[in-house]
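Trainee: I should like to study this structure with some guidance. May we begin with it in view?

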Amino acid sequence: MTVAIGFEGSANKLGIGIIKDGVVLSNVRTTYITPPGEGFLPRDTAKHHRENIIDILRRSLIEANITPQEIDCICYTKGPGMGAPLMSVAIVARTVAQLWKKPLVAVNHCIGHIEMGRLVTGAVNPAVLYVSGGNTQVIAYLERRYRIFGETIDIAVGNCLDRFARVLKLSNDPSPGYNIEQMAKRGKKLIDLPYTVKGMDVSFSGILSYIESMAPKLLESGDCTPEDLCFSLQETVFAMLVETTERAMAHCGSSEVLIVGGVGCNKRLQEMMGLVSRISQGKISQITDSKFCIDNGAMIAQAGWEMFRAGHVTPLEESTCTQRFRTDEVEVTWRSDS
C-alpha cells in the first residue's frame, strides 16, 4: 500500500489531499476570494496560502485518519501557476518532507487534473479537454507523453469568463465563472460575437475585448440584458472548445472525452460536449466530479502517487517551481501504451 499527500496552491485555491492506492482519504480546500470586480494578486494570494496552510494540513490528516508516519511521499505542485502562491506552498511541502523524513515528488498541475479525472471516471484513454482560469488545452496520451493537440494562443477560457464577470461587477463567491453560469441560464437573446478557431487552437482575447467594449452600449440601449451577454459569451466560447475537442477525438480514434479543470464544472459545457459525443457515433462523454474539477490537493496526491510508484522522486535541491511548466514536458512512465 502506498499513501501520498498532495499540496496544491498554484492560484487562489489552497488544497491538501491524501490518497491511498486510488482511494481519496481526504481533500480539504480553501479559496481566496476578492471583492466583486477585482481579481487576485499573486502576493495577496500567497499571503492567504501562508496563513491557512497549517490549518488545512492538520484538517487533512484528521479527515484521513492518517499519521505522518503512515505517509510514503510528499507531493507538491511544481507548476504551471502563479509564482508567489506556488512558492509559498512548495516551501511548506519541502519543510514537511524534511521534518517527516519522506521523499518529495514534484507534480505538473495539468497532469494532476488528468490523473484525477482518470481515477474518478474510470476513463481508459480519453481525449482530454482541460479548461481552467489559467489553462485551455486539448490533450491526448501517446508514447509516454500527454500530447497537446490544441490550446489557447492567448488567454485561458476561465480567465476570459472571470474578466467579463468583473465588467458586470459579479461576486467572486464562490467563483466569477459560476456566477456567470447562473446568469447565463436566464439569458434569452444570443448576440453575435467573434468566433476564433485557428486550426486546433482557439483565441479568447478578441471576443473578450469585443464584449467588454460593446457591453455598456448594449445595456444602456436596452438591446440586451446582462443575462443575455453571459449567455452569448458562454455559448460562443464553449462551441469553440467543443469543436476542437471533437476534432481531436476523431483524429485519435478516441471513444471518450474527459473534461477537467475548474471550468469543467459548468453544466452547459458538459451538456454541449455530451450532445456532440452522442451524435458522433455514440461516443461517451465523461465528466470529472465537480469536487475534483476545481484545483485540489487530492489530484496532486494522485498524480504523485502514480509517479512515485513508477520510481519518480524529486531531489531536494531540484524541488523548485516553474510558472510555465507545459503538460507535454513530462515523461509519463506510469502508463502503458497498450
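Trainee: Does Tyr 130 count as buried or exposed?

Mentor: This is a predicted model, in which local features need pLDDT of at least 70, side-chain atom pairs count only at pLDDT 80 or more, and totals for chains, interfaces and linings use all residues. Residues are numbered from 1 along each chain as its sequence is written, and side-chain values use heavy atoms, with hydrogens and water left out. Buried means under 20% relative accessible area, exposed over 50%, and partly exposed in between (1.4 Å probe, protein chains only). The relative accessibility of Tyr 130 is 0%, so Tyr 130 counts as buried.

Trainee: Which residue shares a side-chain polar contact of 3.2 Å with Tyr 130?

Mentor: A polar contact is a pair of N or O atoms within 3.5 Å; within protein, one must be able to donate a hydrogen and the other to accept it, and residues adjacent in sequence count only if both atoms are side-chain atoms. For Tyr 130, the side-chain partner at 3.2 Å is Asn 135.

Trainee: Where does Asp 295 lie?

Mentor: Helices (H or I, at least four residues) and strands (E, at least two) are DSSP runs, numbered from the N terminus. Asp 295 lies in the loop between helix H9 (290-293) and helix H10 (297-309).

Trainee: To which residue does a polar contact of 3.2 Å join the side chain of Asp 295?

Mentor: Asp 295 counts as buried, because its relative accessibility is 11%. Its side chain is joined by that 3.2 Å polar contact to the side chain of His 109.
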